[in-house]
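Colleague: Pick one part of this model and take me through it closely, strand by strand and ring by ring. I'd like one connected story rather than a list.

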Amino acid sequence: MSQNIVQPYRYVSSVIYPDSCGATADGTASGAFVTTGGKFGNALSFDGVDDYVLCGGVFDSSGCGMNTTGTVSMWVDFTTYGVNGSALWAFDDENANTFLELGYSGDGRLHGQCRIGGTKYWACKTASGMFTTTGQYLCTMTHDGVAPKIYVNAVESTTFSINTDKTKWIGDLTGVDEFRLGMQWHSGGADGMFTGLQSDIGFYDTDIGQSRIDNLYNSSTGAKVSEVSTAGCIAYYEPIALSGSTLINNAIPTS
C-alpha cells in the first residue's frame with residue numbers, strides 16, 4: 001500500500017480531557033503509517049511484518065495509568081481477515097514473559113490475556129462468528145477492577161478459559177515498560193504482528209461501560225471519542241496524523 005502524506009494535526013476544540021496525559025502519551029511509529037480508510041477518514045496501517053507504534057505514556061508513573069480499571073477502544077479493519085494471534089495492542093515487558101493484550105484469533109474471535117512472569121492469570125475470548133466479513137469493527141476491552149470484558153460492535157461477549165485471578169490489570173504487570181499498537185513483545189521477542197487498519201483509538205483510566213460503548217458504536221454509524229463523554233480519557237489518537245514518526249495524542253487537557 002502506498003503511503004499517503006497526512007499533515008500533522010493536534011485536535012483543538014472546546015472538548016475537555018481533564019485526565020489526559022497530554023503530549024507524554026504521544027506515540028512513536030515504526031513502520032506503521034497513516035492512510036485513508038479509517039472509520040472517520042484517516043487510519044494507522046500495519047503490514048503484519050514489523051509495523052507497530054510505541055506509546056509508553058499511556059501508563060507511565062505521571063498518574064495517567066490505568067492501574068486497576070481502564071478501557072481501550074478502537075475501530076479496526078482486518079485487511080487479512082483470518083490471521084491467527086495478531087495483537088491489536090499489548091502492554092508488555094520486553095525482558096520478561098509479562099504482558100496484557102487484546103488480539104484476534106483465526107477462529108473469528110477476539111482474545112485477551114494477562115500473563116505475569118510466565119503465569120497466565122486470565123485468558124478469555126469472544127463468541128465465534130462475531131467477525132463474518134472484512135470491514136470496520138469497534139473493538140473494546142474494559143476492566144472494572146473485578147474482571148475484563150470484551151465488546152465487538154458494542155456487544156459484550158467474554159468467556160474465560162483461565163480465571164485464576166481476573167482482577168489482574170495494568171498495575172499488576174511488574175516490570176512492564178512498553179505499550180504497543182499492532183504487536184506484542186516479550187522476552188521471546190516480537191509476536192502477534194497485526195495486519196490492517198486501526199482508527200479512532202481511545203484510552204480511558206476507567207471502565208466506560210455499556211452505554212458509552214453504545215454511543216461510540218452509534219448503531220454502526222460510529223461516533224468519535226471527542227463526540228462522546230470524555231470522562232477518564234487519557235489518550236486519543238484521532239484525527240490520526242504523524243508528525244515525522246510521532247503519533248499525536250489529541251486528548252489535550254484544556255482545564
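Modeller: Let's start with one cross-strand position: threonine 140 stands opposite tyrosine 151, which belongs to β11. Keep in mind that this is a predicted model. The strand carrying tyrosine 151 spans residues 148–152, and 4 of its 5 residues are buried, so I'd call β11 mostly covered by the under-20% cut-off. On one side, β11 pairs with β10 in the antiparallel sense, over 5 bridges. The two make a hairpin with 4 residues between them, and glycine 145 in that turn has a positive phi of about 95°.

Now follow β11 the other way. Strand β12 (residues 155–156) is joined to β11 by 2 bridges, and these two also run antiparallel. Here tyrosine 151 turns up again, this time opposite glutamate 156 in β12. The β11–β12 hairpin has 2 residues between its strands, and asparagine 153 in the turn has a positive phi of about 50°. So much for the strand pairing; tyrosine 151 faces threonine 140 in one pairing and glutamate 156 in the other.

Back to β10, since that strand leads into the aromatic side of the story. With ring centres within 6.5 Å taken as a pair, there are 14 aromatic pairs in the model. One of them is phenylalanine 46 with phenylalanine 194, an edge-to-face pair with centres 5.7 Å apart and 70° between the planes. Those two come from distant parts of the chain, 148 residues apart: phenylalanine 46 is in strand β3 (residues 41–47), while phenylalanine 194 is in the loop between β16 (189–191) and β17 (195–204). Phenylalanine 46 counts as buried because its relative accessible area is 2%, and phenylalanine 194 does too, at 0%.

The pair that brings us to β10 is phenylalanine 78 with tyrosine 137: their centres are 6.3 Å apart and the planes meet at 55°, so this one is tilted. Again distant parts of the chain are linked, with 59 residues separating the partners: phenylalanine 78 is in the loop between β5 (70–77) and β6 (86–93), and tyrosine 137 is in β10 itself, residues 136–143. Phenylalanine 78 is buried at 3%, and tyrosine 137 is buried at 7%.

The two pairs belong together: Phe46, Phe78, Tyr104, Phe131, Tyr137 and Phe194 form one aromatic cluster. So β10 pairs with β11 and also carries tyrosine 137, a member of that cluster.

Other tyrosine rings have charges for company. The charged end of lysine 168 sits over the ring of tyrosine 121, 5.0 Å from its centre, and arginine 180 does likewise with tyrosine 52, at 4.5 Å. Next along from tyrosine 52 is valine 53, in strand β4 (residues 52–54), and valine 53 is buried, with 0% relative accessibility.

One last stop, the open space. The largest pocket has a volume of about 150 Å³. It is lined by 12 residues, and the closest to its centre are His111, Gly112, Ala123, Cys124 and Lys125. Strands β8 (109–116), β9 (119–125) and β13 (159–162) each supply at least two residues of that lining. By class, the lining has 2 nonpolar, 7 polar and 3 charged residues.

Conventions
Residues are numbered from 1 along each chain as its sequence is written. This is a predicted model: local features need pLDDT of at least 70, side-chain atom pairs count only at pLDDT 80 or more; totals for chains, interfaces and linings use all residues. Side-chain values use heavy atoms; hydrogens and water are left out. Rings of Phe, Tyr and Trp (its six-membered ring) pair if their centres lie within 6.5 Å; planes under 30 degrees apart count as stacked, over 60 as edge-to-face and the rest as tilted. Buried means under 20% relative accessible area, exposed over 50%, partly exposed in between (1.4 Å probe, protein chains only). A charge sits over a ring if NZ of Lys or CZ of Arg is within 6 Å of the ring centre and within 35 degrees of the ring normal. Two strands pair if DSSP finds at least two bridges between them. On a 1 Å grid over the protein atoms alone, a cavity is a set of points where a 1.4 Å probe fits but cannot get out, and a pocket is an open set with protein on both sides within 12 Å along at least five of seven lines; lining residues have an atom within 4 Å of a point. Grid points are joined across faces, edges and corners, and a volume is the space filled by probe spheres set on the points. Ala, Val, Leu, Ile, Met, Phe, Trp, Tyr, Cys and Pro count as nonpolar, Asp, Glu, Lys and Arg as charged, and the others, Gly among them, as polar.
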